[in-house]
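User: Hey, I'm new to reading protein structures. Can you walk me through this one?
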Amino acid sequence: MKRARINLFVRLMLSFLSLIVLPLTIVSYFGYTVATQIINNNVSRSIKQTVHQLSLNSEVILEDAEKALSTILFDSYSKPNPFKEAIAAYGNATEYDKNVLGHEIEDELNKYAIYRNDMNGLYLIRTDGAIFSSANQLLDNPDFKAYDWYQLFMAQSAIDVMWSPAHKVSGYTKSSNANVVTLLKKIKSPYGTLLGVLWMDLNERSLENVYTSGNISPGGYTYVLDSSSGVISASDKSLVTGKLDREQAAMFSDAFIEDSGHYFYRENGIEKLVAFATIHTTGWKMITVIPVNELFVDANRVKNIILLLALITTVTSTVIAFFAARRITKPVRNLIRLMEKASEGNLSVRAKVKDSDEIGTLNKHFNIMIGEIQHLISSVYISNIKQKEAELASLEAQINPHFLYNTLQSIKWLSDIHKAPEIGDMAISLAKIFRFSIKGAAIVSLYEEMQHVKDYISIQKFRYGDRFELVYHIGEELLQCQIPKLIIQPLVENAIYHGIETKEEYGTITIWAKSGDQSLHIGVEDDGAVVSYEKIEEIRFSLKHSADPHMAGTGKSLGLKNIHDRLQMLYGTDYGIQINRREDRGFTVIASLPKNM
């Protein structure tokens, strides 16, 4: 049997391949192993050092806060601390002196709080329960003793300074609902008597800014934890002030054994590096978790280069095709990603135009299209604002009554000539109404609006006689409040037509005004028709969603809906018209607006 003939070309090829591929494979394997190990060690060491440095930066912030409180309470050898003297003197002072001392204490607190952006609030709690604030934003009855850690701090006489777990300030202040950690420091007299406690709220974001400035890895996350796995700070704000679940707490249990270090942990099938360091000021742990595949990008790059060199002699065409396809498809994928963001409403995205080829042209026109969409949205928004302004102007000046006013003056003169005083009185009242309408100011005083209402009632008396009585309950101190013109008269008109006119017996319409700290409420009540709860709900619904079905007077009347819209266009959705049913019969209409003297 003849041996198969292999020509020289094939033999040389096989020899060359054996001499090249086998050594290259061995060298590539050992080179990749050594390079990967070096890179991994360097990266792990770098991450550990970075986290340690971030923990030191956090210590600086916390220690700076402690120094700030120590500065407030510092006693010099030559002069006693005036702040502590004011605190000590407050307990036995007269009411007048307490007021003076209270202002001095709060001024001192403000002096230190105003220069610290990381401070959310600074408070003083005396042993007798008196509380002083740097921002006057405390709730009426703040209960600082509701916090267990505060009670523990007060119970331990040997401890003068303590940091609290993370918590929200909503329990004692109305200014915000921020996440804070609290620094507590006891204030003692020179004789060791406890005078009170300084309470400093440090914004949790000041700690977050430390580790976000490190920019360790976009796919990782960082926690600041206390010894009981309570979350002091985290990028995910829903976790702050809470505790980690059992699985996550187990993941970080090794971090509480040593002062600093790192280890690997598999979470949900993904290998992750856990680097940690201790914040010695408080004993908290700063823990950073990073997926290994993001950390060792350089090691993977070395592997790819080595594999590429090993295979380039046999798969040159494949490698070229791979990089060519990658170069073409990467810009397309980026553009698709930008389109998806734009479809979700993010119109600030822009594609990078690097080349002048078809992909570059496509990116350029995508940017033009997004810009045009933003311009159209802006144009529609501005158009809506102008439309609202035009509607408001139309509501405030629907007629130009100069001609009617002059005519009514003529009627008055004729009534005097023909000795018909009732006609003259009606004409004068109507003339005053039109003169009030002619007045250019859109905002008038409550006194002027009430004079307008009285002129309107004098006309209605000619029609209804003594069928109803108008009662006022408005304090003189409110008569100079500034309100939009033609707000009360339509409410009175509504009470007459839909209340008094529906009953046969004598009726009463009451107008009252009340004020709060920053708001004014004007009410018009009648004891007319019996109004069902269903009707009240129908009117309330119409005020919010549709045209007013309960319009007063003719079709030209402003009506409840128009008044409600005017108030909301002028002052926002917190103000407007409220409808309430009276217990016996009739209803109350209340117009709410800001108090403006």
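Analyst: Sure, let's start with a term. A salt bridge is a side-chain nitrogen of Lys or Arg within 4 Å of a carboxyl oxygen of Asp or Glu. Aspartate 527 forms one with lysine 503, and their closest N and O atoms are 3.7 Å apart.

User: Before we go on, what kind of model is this?
Analyst: This is a predicted model, where local features need pLDDT of at least 70, side-chain atom pairs count only at pLDDT 80 or more, and totals for chains, interfaces and linings use all residues. Residues are numbered from 1 along each chain as its sequence is written, and side-chain values use heavy atoms, with hydrogens and water left out.

User: Back to that pair. Where do aspartate 527 and lysine 503 lie?
Analyst: Aspartate 527 is in the loop between E16 and helix H15 (533–545), while lysine 503 is in the loop between H14 and E15, so the pair ties together parts that are 24 residues apart in sequence. The H and E names stand for helices (H or I, at least four residues) and strands (E, at least two), which are DSSP runs numbered from the N terminus.

User: Are those two buried or exposed?
Analyst: Both aspartate 527 and lysine 503 are buried. Buried means under 20% relative accessible area, exposed means over 50%, and partly exposed is in between (1.4 Å probe, protein chains only). Lysine 503 has a relative accessible area of 7%, so it counts as buried.

User: Which other side chain meets lysine 503 in a salt bridge?
Analyst: Glutamate 505 does, at 4.0 Å from N to O. Glutamate 505 is partly exposed because its relative accessible area is 41%.

User: How many salt bridges are there in the whole structure?
Analyst: A search finds 13. One joins the side chains of arginine 266 and glutamate 271, at 3.1 Å from N to O. Arginine 266 counts as exposed because its relative accessibility is 52%, and glutamate 271 counts as partly exposed at 29%. There's also a network of salt bridges linking Glu204, Arg205, Glu208 and Lys237.

User: Okay, zooming out. How many helices and strands does the protein have?
Analyst: It has 16 helices and 18 strands. The protein has 597 residues, and 39% of them count as buried.

User: How do strands E13 and E15 pair?
Analyst: E13 (residues 468–473) and E15 (residues 507–515) run in the parallel sense, with six bridges. Two strands count as paired if DSSP finds at least two bridges between them. Leucine 470 stands opposite isoleucine 509 in E15.

User: And what about E15 and E16?
Analyst: Those run antiparallel, with seven bridges joining E15 to E16 (residues 519–526). Lysine 514 stands opposite histidine 521 in E16. A hairpin of three residues joins E15 to E16.

User: Which residue sits in the loop between E15 and E16?
Analyst: Aspartate 517 is in that loop. Aspartate 517 counts as exposed because its relative accessibility is 82%. Aspartate 517 and lysine 595 are 78 residues apart in sequence, yet 7.9 Å apart in space, C-alpha to C-alpha.

User: New topic: which residues touch the most other members of the largest nonpolar core?
Analyst: Phe83, Leu124, Leu198, Phe252 and Trp284 do, in a core of 62 residues. H1 gives the largest share of this core, eleven residues. A nonpolar core is a set of buried Ala, Val, Leu, Ile, Met, Phe, Trp, Tyr and Cys residues joined through side-chain atoms within 4.5 Å. A second, separate core has 43 residues, including Ile488 and Leu567.

User: What is phenylalanine 83 in contact with?
Analyst: Leaving aside neighbours within four places in sequence, its contacts include Ile72, Glu108, Leu124 and Leu198. Contact means heavy atoms within 4.5 Å.

User: And methionine 251, where is that found?
Analyst: Methionine 251 is in helix H6 (residues 246–251). Methionine 251 is buried because its relative accessible area is 1%. Not counting residues up to four places away in sequence, methionine 251 touches Tyr221, Tyr263, Tyr265, Glu267, Val274 and Val289.

User: Last one: is isoleucine 26 buried or partly exposed?
Analyst: Isoleucine 26 counts as partly exposed because its relative accessibility is 45%. Isoleucine 26 is in helix H1 (residues 8–72).
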